[in-house]
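Work through the exercises below with the sequence and the coordinates open, and try each task before reading its solution.

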Amino acid sequence: MHKHFRQVIKTTIPFFKFSLTCLFLVFFISLTNAQEGKTWLRFEGSSGPGKGKHIVLVSGDDEYRSEEGMPMLGKLLAQHYGFTCTVLFPIEPETGNIVPSFQNNIPGLEHLTKADLMIMLTRFRELPDEQTKHFHDYILAGKPIIGLRTATHGFHYEKNKNSPYAKYDWRNKTQGWEGGFGRQILGETWVAHHGDHGKEGARGLISGIPQQEDHPILKGVKDIWVASDVYTVKNLVPEAHVLVYGVPTSGMTADAPVNWEKSVMPMAWTKDYQVEGGKKGKVFTTTMGASVDLQSADLRRLIVNAVFWGLDMPDKITPDMDVSIVGKYEPSMFGFGTFRKGMKVGDFR
């Protein structure tokens, strides 16, 4: 009798553990999915060359309205090319509102675990370590990164300088991590405005050498003008491959003349990255990317091409890729405090 009872127990306990595990997974997935539309957005791709690939777009800057630009890019990539796109936002916990100036919370970074590519536009973030760990694990995995505009100075550690991720700080002087995430991963950190901020836009000049080499990211890219000014790029890492240079324009419209009194600066480039203990990955970085910049069809084309390049799918890139905006897009002008107050994540669907 006791022997039979012990056998029943031996058989039942593993099954019970398995059942509990399954229940936990169902609960976790249900809990995570319940946050869709509340703390993050999901755009499901139905068909196209990107079907089965997952892109996570991380917004979180307090000037260039990435909370507007990232959902637009996510919808474009999902509808035209079949990618599943998850968009993350800076959320004020007390209200659940998107508040770009709230620098310490971007929920949903766990989606990076299953992401195939990340597009980011953050500025001076100091996230809790449990959130940044997902970001760090993504880098260790050597997965592709597209960094837009202020991603070069995406992290700024003031409160928790003992964090294991404080090395990401844009001003870091530690040997091996000089310039933090911006310089070590993307190729450059924040230096200064080269153009007259808010008064001069930027004209993109395609680098002739990679264009002649038929670089996949430049296919079909001919005319880029953006409202955000040219950044100073002073110490671009030597291994970076510049694709587009930028020169200021004497005015904030596409027909404004080029200000040739100011020198040209690298404005889009590629490079490889690898951190200690991690795998090698590749990066596309551009100092363009404000929500109003993304009204430029050829800037959108540059980014879409970079997505396929980053995912090792250059054969899918053609000069006439569809980069049309899906639905209504009326981006706010960049500036501090210009974000739309009281907006919830679902409002950007």
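**Exercise 1. Describe the pairing around strand β9.**

Begin with strand β8 (residues 241-249), which runs antiparallel to β9 and is joined to it by five bridges; strands here are DSSP runs of E with at least two residues, helices are runs of H or I with at least four residues, and both are numbered from the N terminus. Two strands count as paired if DSSP finds at least two bridges between them. Within this pair, H241 stands opposite T270 in β9. Next, turn to strand β10 (residues 281-286), which is joined to β9 by six bridges and is likewise antiparallel to it, with K271 standing opposite V283 in β10. Finally, consider the cover of strand β9 (residues 265-273), where eight of the nine residues are buried, buried meaning a relative accessible area under 20%, exposed over 50%, and partly exposed in between, with a 1.4 Å probe and protein chains only.

Before going on, note the basis of the values: this is a predicted model, in which local features need pLDDT of at least 70 and side-chain atom pairs count only at pLDDT 80 or more, while totals for chains, interfaces and linings use all residues. Residues are numbered from 1 along each chain as its sequence is written, and side-chain values use heavy atoms, with hydrogens and water left out.

**Exercise 2. Place β9 in the order of the whole sheet.**

The sheet is open, has 10 strands with mixed pairing, and follows the order β1-β3-β2-β4-β5-β10-β9-β8-β6-β7. Its edge strands are β1 (40-43) and β7 (225-226), each of which pairs on one side only. Moving from β8 towards β7, one meets strand β6 (residues 201-206), which is antiparallel to β8 and joined to it by six bridges; in this pair R203 stands opposite V247 in β8.

**Exercise 3. Is strand β4 enclosed or open, and how do its side chains point?**

First count the cover: six of the six residues of strand β4 (residues 117-122) are buried, so the strand is largely enclosed by the rest of the structure. Then sort the side chains by direction, recalling that in a regular strand the side chains alternate between the two faces of the sheet. In β4, L117, I119 and L121 point one way, M118, M120 and T122 point the other way, and all of them are buried. Last, identify the partners: strand β2 (residues 54-60) pairs with β4 in the parallel sense over six bridges, and the bridge partner of I55 in β4 is L117. Strand β5 (residues 145-148) also runs parallel to β4, joined by three bridges, with I145 in β5 as the bridge partner of M118.

**Exercise 4. Which backbone angle sets F124 and R149 apart for closer inspection?**

For F124, phi is near 50 degrees, a positive value in a residue other than glycine. F124 is found in the loop between β4 and α3 (129-140), and it is buried, with a relative accessible area of 15%. For R149, phi is again positive, at about 45 degrees, although the residue is not a glycine. R149 lies in the loop between β5 and α4 and, at 0% relative accessibility, counts as buried.

**Exercise 5. Locate Q175 and M333 and state their exposure.**

Q175 lies in the loop between β5 and α4 (180-186) and, at 74% relative accessibility, counts as exposed. M333 is placed in the segment after α6 (297-310) and, at 40% relative accessibility, counts as partly exposed. M333 and R65 are 268 residues apart in sequence, yet 7.8 Å apart in space, C-alpha to C-alpha. Not counting residues up to four places away in sequence, M333 touches R65, A227, M252, V292 and T338, where a contact means heavy atoms within 4.5 Å.

**Exercise 6. Summarise the chain as a whole.**

The secondary structure comes to six helices and 10 strands. The radius of gyration is 22 Å, close to the 20 Å that the globule rule gives for 349 residues, so the chain is as compact as a globular protein of that length; the radius is taken over C-alpha atoms, and the rule is 2.2 Å times the number of residues to the power 0.38. Buried residues make up 56% of the 349 residues. Of the contacts with a separation of 6 or more, 73% are between residues 24 or more positions apart.
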